[in-house]
Amino acid sequence: MNIIVTIKQVPDAANVRINPETKTLVREGVESMMNPLDAYALEEAVRLKEKLGGKVTVVCMGPPMAEAVLREAISLGADEAVLLSDRAVAGSDTLATSYALSQTISKLGGYDLILGGKQAIDGDTAQVGPGIAVNLDIPQVTCVRKVRECADGKMVVERMTEEGYDVVEVTLPAVVTVVKEINEPRIASLKGKMAAKRAQIKVMTAADIEADLTRLGLKGSPTNVVEIFSPDARQGGVKIEGAPEEQAKSLVTALKEAQLL
Amino acid sequence: MPIKINKETCVGCGACVSQCPFGALSLVDNCAFVEETKCKFCGKCATVCPCEAITVVKEEMEAKDDLGSYKDIWVFAEQKKGQVAGVSFELLAKARELASQKPNTVWAVVLHDGSNAAICDELIKKGADKVLSVSAPELKDFDDLTYSNVLYRLAKERRPEIILCGATTIGRALMPRVAVMLKTGLTADCTQLHIDPETGLLIQTRPAFGGNIMARIRCQNTRPQMATVRHKVFAEMEPDASRSGEVETVPFNKEDLSLRSKVLEVVENIGEQVKLTDANIIVSGGRGMKGPENFALLKELAEALGGAVGASRAAVDAGWIPYAHQVGQTGKTVCPKVYIACGISGQIQHLVGMQSSDVIVAINKDPECPMMKIANYAICGDLFEIIPLIIKELKK
């Protein structure tokens, strides 16, 4: 089974801060990391490979420094890693990104399954997975919390919904995006770390994937950002003091007065 | 590249460096330098440069279509078992408001199995001018491929100017497909929508970088303009019995049925509990709950308030409560009227999932923790003592 896992390098959210004076993002000292939800997709891919045999290839679009997350993926069990890195993709929105990634994937040859996290934690769009599915003309299931079966060119999975879950059968190849309930990712082994050091990361350009340049970057992006602003920071409110009984009473009174109850 | 810095006129004052929302600019050899991978091309640097040394070359997608021929606002009316999702009604009300800014017909588009005969009427009473109804047994449950095929075909033929949909599990699986099929833009998870009075374009506001930054986004040169929108950011209309509208029924085209995916079973396992995303009040517990048994206390409080129970990642990872309850970056984003955080310190990953709640109540031992600092009502004390007293107070 040939499995592709799409991963993204994102800033570590725990460290993303806003400069209170300029209201801009402070990047200094902010580490980059693998999008946490992609780690679950990778783990699921490695588990499927361990059970069914085959190969796991991780694919990432980003600047040359994104190589770090690909090496991390190798340490966690991926066999091969591909980085699409080209100035032509800078400024791509989700339409252009899903085109670029699907072109990259189609250049890699056969695949049975494409896995990814439900969404990336910087953009939070959840749009690239479905976009890849449309471009490659394959089915999709999003927000998958469990793989029940995977055999004979078919998969049965559980899609998490607001009320519970749906059991969905899908023919392969397909795009499947996962939520964190699906598994518990492993920690890199020493052997994995050694493999990561030695691994060759295949770097591809827009020319390598034979992309239509008008479909990449800002030119290929129908949406654009017209303004960026800082949300009004939430100001603290009232401290409810007193004995516990008084605190409880004051809260209920305050909520009732505000017609919230 | 779209950002050009004139090295001759740049005086190295650094005004742009401090103003760049993304930290993409720095001074190199006393001249501004833009790091392309961080730049989002917002152009703020050019507006603050005192020497006009920065120019933004607006590279944009070319318009290849007759954009003026697109008309009407569509709201995708998401239904499960014939019941329309609350967010769809909220969007109908918002679409009415947008249509008052720029005259337009508001359509509700519903794909269903016809089990609820009143569904179209309900959509009209709550804001739709017209309803486009596709009814077939095959459309009972949401299927990514079938639904996107149907919606794509309709949009391709009828050319709506705007399509809005709730940012639900279904909406966020369906809309990205339809947008890519139509080769147009889609903005995810918006919290604000308005029509730009100058251009008539839909301006879509959404949080990015975990809510640290808000971005206004537009889709200038392709149509339809598409957005998924969070629940509870707009209010739905009271049903207006005097409203009447036209229902247009379109037959289901069997070619649109997916042969490659199939919903085998729909399982509802949250029982009688209120859905987290629908709840007006959420009672949420974190590490301070100390163990799984104590979530019964939160459930009791939630029941007394008619709300739902949420949790922080710490509580979920400890196995105290299922993942379905997790609020935050890797869980659900919620915006209830009241969010009561019990024993949750308020790490950024949790805050991004709930900080747009109308009112935040924090109950915590530590008065200095982030949650207590942003709370509208901060109660410092022992939650095991205070919560039962609140329940008692509510039952009076």
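Which residue forms a salt bridge with A:E210, and how far apart are the closest N and O atoms? I looked this up first.

**Entry: conventions.** I note that this is a predicted model, in which local features need pLDDT of at least 70, side-chain atom pairs count only at pLDDT 80 or more, and totals for chains, interfaces and linings use all residues. Residues are numbered from 1 along each chain as its sequence is written, chains are lettered from A and ligands numbered from 1 in the order in which they are written, and side-chain values use heavy atoms, with hydrogens and water left out.

**Entry: salt bridges.** I found that A:E210 forms a salt bridge with A:K107, with the closest N and O atoms 3.0 Å apart. The term stands for a side-chain nitrogen of Lys or Arg within 4 Å of a carboxyl oxygen of Asp or Glu. A:E210 lies in the loop between β13 (201-204) and β14 of chain A and A:K107 in helix α3 (residues 94-107) of chain A, so the pair ties together parts that are 103 residues apart in sequence. Helices (H or I, at least four residues) and strands (E, at least two) are DSSP runs, numbered from the N terminus. Over all chains I count 42 salt bridges.

**Entry: the interface.** I recorded a contact (heavy atoms within 4.5 Å) that takes 90 residues from chain A and 102 residues from chain B. The area buried between chain A and chain B is about 8,700 Å², and carbon and sulfur atoms give 59% of this area. Buried area is the accessible area (1.4 Å probe) that two parts lose on being put together, summed over both. In chain A, the residues that lose the most area to chain B are A:E162, A:E163 and A:R234, together 10% of what that side buries.

Between the two chains I found seven salt bridges. One of the pairs I looked up is A:K180 with B:D317, a salt bridge whose closest N and O atoms are 3.0 Å apart. Helix α6 (residues 244-257) of chain A gives the most to the side of chain A that touches chain B, with nine residues.

I also examined strand pairing, which requires that DSSP finds at least two bridges between two strands. Strand β14 (residues 223-229) of chain A and strand β14 (residues 213-219) of chain B pair in the antiparallel sense over six bridges. Here A:N224 has B:R218 in β14(B) as its bridge partner.

**Entry: backbone.** Most residues other than glycine have a negative phi, and most peptide bonds are trans. Which peptide bonds did I find to be cis? A cis peptide bond joins A:L172 and A:P173, with omega about 0°; A:P173 is in the loop between β11 (164-171) and β12 (174-178) of chain A. The peptide bond from B:R223 to B:P224 is also cis, with omega near -5°, and B:P224 lies in the loop between β14 and β15 (225-229) of chain B. I noted further that B:D72, although not a glycine, has a positive phi of about 80°. B:D72 is placed in the loop between β4 (54-56) and β5 of chain B.
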